[in-house]
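Reader: Could you take me through this structure feature by feature, giving the general idea before the particular case?

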Amino acid sequence: MTTDSRATPFDDPTAEEAARAAGVEVKPVAGHIGAEIEGVDLAAGLDDAQVAVVRAAVLRWKVVFFRGQRLDHAGHVAFARRFGEPVVLRRRGSASPADFPEIETTADRLELGGKFGMEHEEWLRRRRHTLLRGWHCDHGARVDPPAATILRAETVPPYGGDTTWSNLAAAHAGLSAPLREFLAGLRAEHRLGVGYQPRPGDDAYVRHLLDHQVASVHPLVRVHPETGERVLYVNGYYVEQITDLSRAESRAILDMLLEEATRPEYTVRFRWEPGSVAFWDNRATIHLAPSDNAHLRFPRTMHRVMLTGEVPVGVDGRPSEPLTGTEPGRW
């Protein structure tokens, strides 16, 4: 499989033929990222041919969407297991289902601020105080971030609450050749809590971060383990500094790369409905959770399962390195 940074994998007629043979239709929804998949009933289970089509579509389009599904918790986990090993988190909130440790419910997030003496709105403001801060991959500070995430909508607002994804392979391919060459050997520190704006005086969340640090050094350009694509491995939530550069140099380059990574042409925005499922490659995308629905006070209940991932490897063949609070395979 090619490692040419401008090549697009799985663009061959056999993929379309395989989809037709499996009774599946893959309908792209944006130029660089995103496809809707029709002709499958996730609750009934997928046969091997359908699994192969979905897997290829995720690798090609980075995020795929299913509408009108009837998945319950058990079905969600069973579907995820067809594509990998689900992550089991040691800590979840009270909204997550106790009998399904693989599932995390996003309503847990509403409890986080209160644990540290803040209303949810203040918690969000302190964590997302710039336009690009909210863009992230899941658990990017780990040495082995999840390979993929499968998110299922149970209750959604009548308007607002969309999620947006960006294709980091396309973003890397869109850079100039000299810049791609410069970035190929660089590495960056990813750390939980980067950029959080502390409260005046004592801040319980800052104390929590100091006591529970999670940090790794990842390549700035990651080679995708399945497609061979080169991926611009940046996000606004975890990346602290490019190692071996000064703070000023690092900040300017990271700001430029993140702006490049989130250019509208590399993104897709999804309007959720009850029963919608999104399945994305966490190694090749970053996503932005909605920020336009908190003031509307409509309920929004989503459930996610993450699949265990590999330790990233750079263009030079060097793997990521753990700094603190993380080791491969240990959640």
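Author: Let us begin with the surface, bearing in mind that this is a predicted model. The protein exposes about 14700 Å², and carbon and sulfur atoms supply 52% of that area.

Reader: How much of the chain is buried, and which secondary structure elements does the protein have?

Author: Burial is judged residue by residue, and a residue counts as buried when its relative accessible area is under 20%. By that cut-off, 52% of the 331 residues of the protein are buried. As for secondary structure, the protein has nine helices and 16 strands. Its radius of gyration is 19 Å, close to the 20 Å that the globule rule gives for 331 residues, so the protein is as compact as a globular protein of that length. Taken along the principal axes, the box filled by its C-alpha atoms is roughly 60 × 50 × 35 Å.

Reader: What share of the contacts joins residues at least 24 apart in sequence?

Author: Here one considers contacts in the protein between residues at least 6 apart in sequence, and 82% of these join residues at least 24 apart. Thr285, in strand E14 (residues 285-288), offers a case to inspect. Thr285 and Lys62 are separated by 223 residues in sequence, yet their C-alpha atoms are 6.8 Å apart in space. Leaving aside residues up to four places away in sequence, Thr285 touches Ile33, Lys62, Cys137, Trp165, Ser166, Leu168 and Trp280. With a relative accessibility of 0%, Thr285 counts as buried.

Reader: Which residues of helix H5 are buried, and where around the axis do they lie?

Author: For a helix, one can ask how the buried positions are arranged around its axis. In H5 (residues 120-127), the buried residues are His120, Glu122, Trp123, Arg126 and Arg127. They cover an arc of only 160 degrees around the axis, which puts them on the same side of H5.

Reader: Which residues other than glycine have a positive phi, and are they buried or exposed?

Author: Two cases may be set side by side. His139, in the loop between H5 and strand E5 (148-155), has a phi near 55 degrees, a positive value in a residue other than glycine. With a relative accessible area of 23%, His139 is partly exposed. Arg297, located in the loop between E14 and strand E15 (301-307), is not a glycine either, and its phi is positive at about 65 degrees. Arg297 is exposed, its relative accessible area being 63%.

Reader: How far apart are the mean positions of the positive and negative charges?

Author: For the 40 positive and 46 negative charges of the protein, the mean positions are 3 Å apart.

Note on methods
Residues numbered from 1 in each chain as written. Predicted model: local features only at pLDDT ≥ 70, side-chain atom pairs only at ≥ 80, totals over all residues. Heavy atoms only, no water. Buried < 20%, exposed > 50% of the residue type's maximum accessible area, 1.4 Å probe, protein only. Helix = DSSP H or I, 4+ residues; strand = E, 2+ residues; numbered from the N terminus. Arc of directions from axis to C-beta. Rg over C-alpha atoms; globule rule 2.2 N^0.38 Å. Contact = heavy atoms within 4.5 Å. Areas by Shrake-Rupley, 256 points an atom, 1.4 Å probe, with all protein chains shown as cover. Lys, Arg positive; Asp, Glu negative; His and termini not counted. Charge placed at Lys NZ, Arg CZ, Asp CG, Glu CD.
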